[in-house]
Amino acid sequence: MRITLLQTAPEWGNPEKSLDDARRMLMGSKPTDLIVLPEMFSTGFAPSPSEVAEPEDGQSLAWMKELATRRGCAVAGSVPVHVEGTYRNRFYFVYPDGNVRFYDKHHLFTFSGEHLQYTPGQERVIVEHEGFRILLQVCYDLRFPIFSRNRIVAGQPDFDLILYVASWPQQRIEAWDALLRARAVENVCFVAGVNRVGKDPENLFSGHTSLFGPNGEIISICKERVLDIIETEIKKSYLDRFRETFPSLNDADSQLVF
């Protein structure tokens, strides 16, 4: 699967500019099967969402659908949405035909007060695309390995790739790097972490958007503190061979409750 990871700098509370900037970054990019954007890629991270949250069929999702159908690829990223009287940090996965799956962020970032404004999702979500099973996760979820634990179901692992979309600040970037690698190793899968750069009213962001392989190897990483794109390919056949050679998932603890 060809994958494109977009390290953007969302303009705080300005979706029009943020979406235009992302569109310009993609001009001239290679054909791909999947484009991944950061957490709240159109607004910047909004702990108080009342001024920026969109309806479920809002501007950002419409933009994602247009991009997906025009480029013939899936598009993924998180958007603050207003749903039935609640706010959700919603990770949309838009297929090339415009169909949509979504995951609502489960672990809300209490340090910033996200839990005071948003309602957490309660279900893990795994989507399928181009022969890969893909687990959708958002930012703070990265710190909670039980929630993302790969399990053997009907003789096969739950998933092959985890997508973490984030607004992970510069002052804690070492944890970001370490935890992404750990999630790849313990789950014997590919892990893509897509983080933003730039600044918002509270934080600076240095990026470190990166892609790890199942042995914790760095496949690709973006430049620090600048707009950048990863364009590469991951192969299910490589992952299958690695899992056959080192079948540690078969020895995992079975008593896990999600």
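How many disulfides does the structure hold? Before I answer, let me say that what we are looking at is a predicted model, and that everything I describe this morning was computed from its atoms. The answer is that the structure holds zero disulfides.

Let me take the two cysteines concerned in turn. C139 takes part in no disulfide, and the nearest cysteine sulfur to it, that of C222, is 16 Å away. Seen from the other side, the sulfur of C222 has its closest cysteine sulfur in C139, and the 16 Å between them is too far for a bond, since a disulfide is counted here only when the two sulfur atoms are within 2.5 Å. As for their surroundings, C139 counts as buried, because its relative accessibility is 9%, and C222 counts as buried as well, at 7% relative accessibility.

Now to the helices. Helix α1, which covers residues 15-26, packs with helix α2, residues 59-71, at an angle of about 15°, and their axes are 11 Å apart. The two helices are therefore roughly parallel to each other, given that angles under 35 degrees are counted that way. The crossing in which α1 passes α2 is right-handed. On the α1 side the contact is made by P15, E16, L19, A22, R23 and L26, while α2 contributes Q59, S60, W63, L67 and R71. Sorted by character, the residues of this contact between α1 and α2 comprise six nonpolar, two polar and three charged.

I would next like to turn to a single residue in a strand. S206 lies in strand β13, residues 204-206, and S206 is buried, with a relative accessible area of 1%. If we set aside the neighbours within four places in sequence, S206 is in contact with Q170, I173, R196, V197, K223, E224 and R225.

Finally, a word on backbone angles. Most residues other than glycine have a negative phi, which is the background for the two residues I want to show you. Which value does phi take in A154? Phi of A154 is near 55°, a positive value in a residue other than glycine, and A154 sits in the loop between β8 (152-153) and β9 (156-157). V188 also has a positive phi, near 50°, and is likewise a residue other than glycine; V188 is found in the loop between α4 (173-187) and β11 (190-195).

Are these two loop residues, A154 and V188, buried or exposed? A154 counts as exposed, at 82% relative accessibility, whereas V188 counts as buried, at 2%.

Key. Residues numbered from 1 in each chain as written. Predicted model: local features only at pLDDT ≥ 70, side-chain atom pairs only at ≥ 80, totals over all residues. Heavy atoms only, no water. Buried < 20%, exposed > 50% of the residue type's maximum accessible area, 1.4 Å probe, protein only. Axes fitted to C-alpha atoms, helices over the stretch in contact; angles between N-to-C directions. Helix = DSSP H or I, 4+ residues; strand = E, 2+ residues; numbered from the N terminus. Parallel < 35°, antiparallel > 145°, perpendicular 65-115°, else oblique. Left-handed = near helix turned anticlockwise from the far one by under 90°. Contact = heavy atoms within 4.5 Å. Nonpolar A, V, L, I, M, F, W, Y, C, P; charged D, E, K, R; others polar.
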